[in-house]
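I opened this one to see how the chains meet each other and the DNA. My notes follow, in the order I looked things up.

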Protein chains: 2
Amino acid sequence: MVTMRDVARLAGVSITTVSHVVNETRPVAQDTRDRVLAAVEETGYTGDAIARSLVTGGTRTLGLALPLAGNPHAAALTAAVEAAATAAGHTLILADTHDDGDAERATLRALRSRRVDGVLLTATAGALAEPRRLGVPTVLLDRVPEHTGADQVGPENVQSTSDLVRHLGELGHRRIAMVTGPAAVSTSAERLLGYRLGLGRAKLVWDPELVASGPPAAAGDAMASLLALPSPPTAVVAGDGVVLVGVLRAARRRGLMIGTDLAVVSHDDVEWADLVDPPLTSTAHPVAEIAATAVRLLVDRIADPDRLPTTVRIPPRLVHRRSCGC
Amino acid sequence: MVTMRDVARLAGVSITTVSHVVNETRPVAQDTRDRVLAAVEETGYTGDAIARSLVTGGTRTLGLALPLAGNPHAAALTAAVEAAATAAGHTLILADTHDDGDAERATLRALRSRRVDGVLLTATAGALAEPRRLGVPTVLLDRVPEHTGADQVGPENVQSTSDLVRHLGELGHRRIAMVTGPAAVSTSAERLLGYRLGLGRAKLVWDPELVASGPPAAAGDAMASLLALPSPPTAVVAGDGVVLVGVLRAARRRGLMIGTDLAVVSHDDVEWADLVDPPLTSTAHPVAEIAATAVRLLVDRIADPDRLPTTVRIPPRLVHRRSCGC
DNA sequence: GCCGCCGACGCAAGCGCTTGCGCTTCCCGT
DNA sequence: ACGGGAAGCGCAAGCGCTTGCGTCGGCGGC
């Protein structure tokens with residue numbers, strides 16, 4: 001590794017001066033500057049972020065901790081966050097939390113030991129207190145539990161789900177089912193709430209028999225059970241993109257025609273939504289906007305640890321296609 | 001931040017001892033150990049990877065640099081690499097290269113200034129020489145150009161594409177088209193080669209009119225042009241998952257029945273392959289295996305910079321469904 | 001002609017950690 | 001009773017950088 005010392009020697013100045021010209025932290029005579037810059041060029045000096053961080057305290061690094069495995073939505077979010085972080089001049093450290101409280105805590109500690117400036121976290125309930133304990137600036141991403149006293153950014157869930165259900169109701173459906181991920185996840189809980197709300201707005205009664213929530217991988221089986229009911233649903237709202245896959249598979253296995261035998265609407269506008277038959281009605285969540293907002297909030301929080309926590313809800317856009325039966 | 005000094009003070013020992021206890025680098029009397037560990041616990045000491053790295057030289061950090069934007073395959077790869085890196089005891093720094101030579105070079109320099117131990121790189125041709133120039137241990141991922149003298153891991157493309165084409169040929173198709181990403185990308189080039197090879201094996205002639213390669217986003221238009229040909233293809237092989245989407249959209253716009261009017265086979269077994277009509281015949285690339293192999297190669301290279309470069313090709317599995325017309 | 005000021009730069013103290021030496025004890029063999 | 005070895009620890013250097021003080025000329029104002 002070529003160090004500042006090498007550059008300094010070559011330019012015939014002190015490392016102090018090299019530092020100041022590289023960082024532009026104090027005026028340096030023009031010809032000295034030139035000599036230093038030339039030396040930098042010649043040596044291929046890149047600097048050492050590690051050493052720099054040790055003295056400045058900051059790393060210009062953000063941690064992103066979320067359940068990554070087998071989740072296209074998380075993947076999209078990751079890409080969007082990377083873009084936003086880079087735009088804000090930060091590097092991204094990626095860590096999979098496996099949706100597990102212990103793993104989240106461990107991840108957080110690891111990130112903090114790497115001195116990340118801040119963390120974007122999609123947490124289970126188990127690790128919500130950890131960031132404050134560790135004193136790491138954190139914004140909660142995607143999942144937005146109540147009363148955390150933290151900055152958080154996520155989709156608007158209640159209203160949008162309610163709209164989905166109401167639309168189904170207006171189409172004449174009386175038995176509308178809902179399949180979601182684990183109710184312990186705030187996103188699922190909120191969408192479940194929106195579902196009930198929508199039912200009410202459509203003047204329908206809540207039938208617990210018609211809702212299934214659990215691990216996304218089990219969504220297919222859950223849907224199969226719903227369809228096996230004596231009086232099965234004629235419409236279903238899928239809580240998210242991965243649940244949707246299960247729902248669709250179950251319907252297909254049962255030989256149901258989507259849109260005709262069974263209306264399907266879903267959260268998450270998957271990229272293939274227009275490629276299946278019929279094209280899927282769903283809500284499109286502006287991932288880039290969510291990511292950018294989260295990064296902005298985090299950067300603000302890092303700059304001022306004492307500002308009041310902000311919660312931002314970003315409403316999805318309804319993409320109306322034909323699986324709802326229209 | 002609580003430092004070793006704090007722990008040492010609390011435990012009534014020197015920081016040397018704390019260091020040795022924490023790292024288990026030399027024997028320490030049991031009760032001293034206990035006191036130190038207790039102090040660690042009490043203070044919540046996490047260590048400082050930055051300071052540690054400064055003295056040891058290593059960071060136990062790997063960089064992953066690839067074109068991330070709008071590419072589900074890259075996303076899947078990212079998740080797989082994260083898992084593999086974590087399993088190998090490394091942290092992952094994620095960087096989007098935007099498939100651009102200059103950006104790649106800049107990214108590589110940034111990663112090196114962060115002192116990553118090694119880099120996994122999906123590169124354009126423009127930046128292939130950079131890793132060696134910078135002296136960063138690197139393994140090329142996913143795209144595997146010839147003669148790079150570097151470690152590299154990627155899918156087997158020629159044979160698998162050829163098989164796809166041959167299958168189509170055996171089904172009686174005479175005019176088989178191919179749509180891929182940019183020919184400058186080695187993956188596309190190889191698949192194009194496999195396509196020609198398959199054509200030969202099926203005793204068909206190569207008609208340049210039937211192949212389109214270019215930016216994935218333009219795949220739809222490219223496919224539309226192919227379908228508008230006086231004598232349009234009766235079968236098409238899509239170079240990858242994102243091209244596939246364009247192909248399918250174009251076919252749909254033209255009102256073609258997949259599998260009947262137009263046989264479609266594809267690389268990349270997208271998660272929704274069984275949800276469209278008819279289900280798609282495609283090649284499933286073992287992403288986890290590719291990622292794990294790449295990380296292994298990289299770790300080996302870090303351990304021994306002078307070992308001979310290895311190239312690993314991982315063959316995909318053909319998932320035979322019905323879009324081929326069977 | 002002297003003082004003060006300002007522009008241009010260098011000194012050296014750390015940041016928190018690892019690690020090669022070296023210093024104490026303490027015990028055991030003779 | 002004494003020498004020597006081993007076990008248990010601590011000292012301090014130094015990783016590559018930033019930054020608060022200083023130093024050193026040179027120049028203008030009086």
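**How the two copies meet**

I started with the interface: 100% of the interface residues of chain B are also interface residues in chain A, so the copies meet through the same surface. A reminder to myself that this is a predicted model.

I then looked at the contacts themselves. I find 37 residues of chain B in contact with 37 residues of chain A. On chain B, the elements that each supply at least two residues of the side touching chain A are helix 4, helix 5 (72-87), strand 2 (91-96), helix 6 (101-113) and helix 11 (241-253). Helix 5 of chain B gives the most, with eight residues. Sorted by class, that side of chain B has 20 nonpolar, eight polar and nine charged residues.

Next I checked for strand pairing across the interface. Strand 2 (residues 91-96) of chain A pairs with strand 2 of chain B, antiparallel, over three bridges. In that pairing I noted Leu92(A) opposite Leu94(B).

What rotation puts chain B on chain A? I get 180 degrees, with 0.1 Å of shift along the axis and an RMSD of 0.1 Å. The two copies are therefore related as by a two-fold rotation axis.

**The DNA strands**

I took strand D first. It is surrounded by 27 residues, and the closest are Met4(A), Ser19(A), Thr17(B), Ala29(B) and Thr32(B). From chain A, helix 1 (4-11), helix 2 (15-23) and helix 4 (49-56) each supply at least two residues of the surface near strand D, as do helix 2 (15-23) and helix 4 (49-56) of chain B. I count this surface by class as 12 nonpolar, 12 polar and three charged residues.

Then strand C. It has 27 residues around it, with Ser14(A), Ala29(A), Thr32(A), Met4(B) and Ser19(B) coming nearest. Here helix 2 and helix 4 of chain A give two or more residues to the surface, along with helix 1 (4-11), helix 2 and helix 4 of chain B. The class count near strand C reads 12 nonpolar, 12 polar and three charged.

**Helix 2 of chain A**

Helix 2 of chain A turned up near both DNA strands, and I wanted to know which of its residues are buried. They are Thr17(A), Val18(A) and Val21(A). Looking down the axis of helix 2 of chain A, I see these buried residues within an arc of 100 degrees, so they line one face of the helix. An α-helix has 3.6 residues a turn, so residues three or four places apart point the same way.

What do the buried residues of helix 2 of chain A pack against? They pack against helix 1 and helix 3 (30-43) of chain A. On the other side of helix 2, Thr16(A) and Asn23(A) are exposed. Just after this helix, Glu24(A) takes a positive phi of about 55 degrees.

**Strand 9 of chain A**

I moved on to strand 9 (residues 263-267) of chain A, which is mostly covered, five of its five residues being buried. Ala263(A), Val265(A) and His267(A) point one way from the strand, while Val264(A) and Ser266(A) point the other way. In a regular strand the side chains alternate between the two faces of the sheet.

Strand 8 (residues 235-238) of chain A pairs with strand 9 of chain A in the parallel sense, over four bridges. One bridge I wrote down joins Ala235(A) to Ala263(A).

**Backbone oddities**

I looked for cis peptides and noted one between Asp277(A) and Pro278(A), with omega at about -10 degrees. Pro278(A) sits in the loop between strand 9 and strand 10 (281-284) of chain A. In chain B, a cis peptide bond joins Asp277(B) and Pro278(B), again with omega of about -10 degrees, and Pro278(B) is in the loop between strand 9 (263-267) and strand 10 (281-284) of chain B.

I also noted positive phi at residues that are not glycine. Asp268(A) has a phi of about 75 degrees and lies in the loop between strand 9 and strand 10 of chain A. Lys203(A) has a phi of about 60 degrees and lies in the loop between helix 9 (186-201) and strand 7 (211-213) of chain A.

Are these two buried or exposed? Asp268(A) has 23 C-beta neighbours inside 10 Å, so I put it down as buried. Lys203(A) has 9 inside 10 Å, so I put it down as exposed.

Methods:
Residues are numbered from 1 along each chain as its sequence is written. Chains are lettered from A and ligands numbered from 1 in the order in which they are written. This is a predicted model: local features need pLDDT of at least 70, side-chain atom pairs count only at pLDDT 80 or more; totals for chains, interfaces and linings use all residues. A residue is near a molecule or strand if its C-beta atom, placed from the backbone, lies within 6 Å of it. Ala, Val, Leu, Ile, Met, Phe, Trp, Tyr, Cys and Pro count as nonpolar, Asp, Glu, Lys and Arg as charged, and the others, Gly among them, as polar. Two residues are in contact if their C-beta atoms, placed from the backbone, lie within 7 Å. Two strands pair if DSSP finds at least two bridges between them. Copies are superposed by least squares on the C-alpha atoms of residues with pLDDT of at least 70 in both. A residue is buried if 20 or more other C-beta atoms lie within 10 Å of its own, exposed if 12 or fewer, and partly exposed in between; C-beta atoms are placed from the backbone. The arc is that of the directions from the helix axis to the C-beta atoms.
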